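Work through the following exercises with the sequence and the coordinates open. Each task is followed by a solution in steps.

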Amino acid sequence: MKITKRFILAFLTTALVFGACKKEEPTDPTVEPTPAAGTPSSVDLMNYFSQNQASEVQNFSGDAGSIITITGNKGTQLSFQANSFETASGNTVTGMIDIELIEIFDKAGMIRLNKPTTGLLPGGGFAPLTSGGEFKVTAYQNGQELKLKSGYGYNAIVPAPGGVDPNMGLFYGSGSEDTLIWEEADSGFVWGQGSEYSCYFDSLNWINCDYFWNNPNPQTTVSVEIPQGFNNTNCMVFISFDGLNSITTFYNYSNGAYTSSPNYTLPIGIDVHFVAVAFINGNPHVAIIPATIENNHYEIISQLNQTTLTQFESDLNNLP
């Protein structure tokens, strides 16, 4: 049992253990042929996400033999114990190390970096999560990635400007950067008071303070048809949930349409915005469509309109 269990008991928090649950990966989508030159570019689309992520990296340094405390631009505070890092081969790290931090607190950032809040359910399948903050924490020495020693973790203070939510939990990211799925942590904890969460993380890489939102409405599959010439290699479609800090995307595509089946369903009657983005000749083309989810919802996006990156970011910031 990891040392984090003693911390959890001290804060009257119990971690949920899902060791017996079998991980279910997203179904591989059907890939259509790449369009001819001058039409949407899958390379430009993936570069857009990766460049946005690179621009959000904050760099810090400290002595691995001492306590290292860093504070991100958006207020996240991390404190690492002395001698808590080791190399890939298991050797204790000494000397100066580099720490990288990414903070995502809003839906615009989730879309710009392609980090939707889709969580793996305990019994399999997926469901949307409401996020209190997504983070990527990595450590390096001389360009070599480091890991935490067994039994070690680090403390975090995460701002909650709107006040804390008692439902908040802890999830770690799994899968690739392009298909990140959040799995509920079996150790570590999140405890909120006032306008901040006190956390204990025992994992590096992607971390998410969030929880499954529980809507009692009947559930339905959602599909989105995109225009001819666009496909799952060159056009991403997200769903933004109005009034919630929550974004999901699609993992299945066939015959010109994305579908949530069989990975997840959504509650009938909720208000959303569908966000589609692609790049043609280096220029972003976008559609942002409000909708209310109906039974067997089928949304048709008739066209994506050229815009600028500045305008697209402004539109994302204005999502309800």
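**Exercise 1.** Identify the side chains with which the side chain of N208 makes polar contacts in this predicted model, and decide whether N208 is buried or exposed.

Solution.
- Step 1. The side chain of N208 has a polar contact of 2.5 Å with the side chain of D210.
- Step 2. A polar contact of 2.9 Å links the side chain of N208 to the side chain of S131.
- Step 3. N208 belongs to strand β15. Neighbours within four places in sequence aside, N208 is in contact with T117, S131, G133, E134, G169, L170, F171 and W182.
- Step 4. The relative accessibility of N208 is 0%. Buried means under 20%, so N208 counts as buried.

**Exercise 2.** Classify D98 by its accessibility and list the residues that it touches beyond four places in sequence.

Solution.
- Step 1. Strand β5, residues 96-104, contains D98.
- Step 2. The relative accessible area of D98 is 40%. This value lies between the limits of 20% and 50%, so D98 is partly exposed.
- Step 3. With residues up to four places away left out, D98 touches F60, S61, T138, A139 and Y140.
- Step 4. D98 and Q141 are 43 residues apart along the chain, yet their C-alpha atoms are separated by 6.1 Å.

**Exercise 3.** Describe the largest nonpolar core and say which strands each supply at least two of its residues.

Solution.
- Step 1. The largest nonpolar core has 32 residues, and F80, F85, I99, V137, Y154 and F201 have the most contacts inside it.
- Step 2. At least two residues of this core come from each of β2, β3, β5, β7, β10, β11, β14 and β15.
- Step 3. Take Y154: beyond four places in sequence, Y154 is in contact with L78, S79, F80, V137, L148, C199, Y200, F201, S203, L204 and I207.
- Step 4. Another core, of 29 residues, lies apart from the largest one; I239, Y264, A276 and A287 are among its residues.

**Exercise 4.** Give the strand order of the five-stranded open sheet and locate the helix that packs on it.

Solution.
- Step 1. The order is β19-β18-β23-β24-β26, with antiparallel pairing.
- Step 2. β19 (247-249) and β26 (305-306) are the edge strands, since each pairs on one side only.
- Step 3. Ten bridges join β23 (residues 271-280) to β24 (residues 283-292) in the antiparallel sense. V277 stands opposite V286 in β24.
- Step 4. Helix α2 (residues 42-55) packs on the sheet and touches β18 (235-241) and β23. The direction of α2 makes about 115° with that of β23.

Terms used
Residues are numbered from 1 along each chain as its sequence is written. This is a predicted model: local features need pLDDT of at least 70, side-chain atom pairs count only at pLDDT 80 or more; totals for chains, interfaces and linings use all residues. Side-chain values use heavy atoms; hydrogens and water are left out. Two strands pair if DSSP finds at least two bridges between them. Helices (H or I, at least four residues) and strands (E, at least two) are DSSP runs, numbered from the N terminus. Contact means heavy atoms within 4.5 Å. Axes are lines fitted to C-alpha atoms, for helices over the stretch in contact, and angles run from 0 to 180 degrees between N-to-C directions. Buried means under 20% relative accessible area, exposed over 50%, partly exposed in between (1.4 Å probe, protein chains only). A nonpolar core is a set of buried Ala, Val, Leu, Ile, Met, Phe, Trp, Tyr and Cys residues joined through side-chain atoms within 4.5 Å. A polar contact is a pair of N or O atoms within 3.5 Å; within protein, one must be able to donate a hydrogen and the other to accept it, and residues adjacent in sequence count only if both atoms are side-chain atoms.
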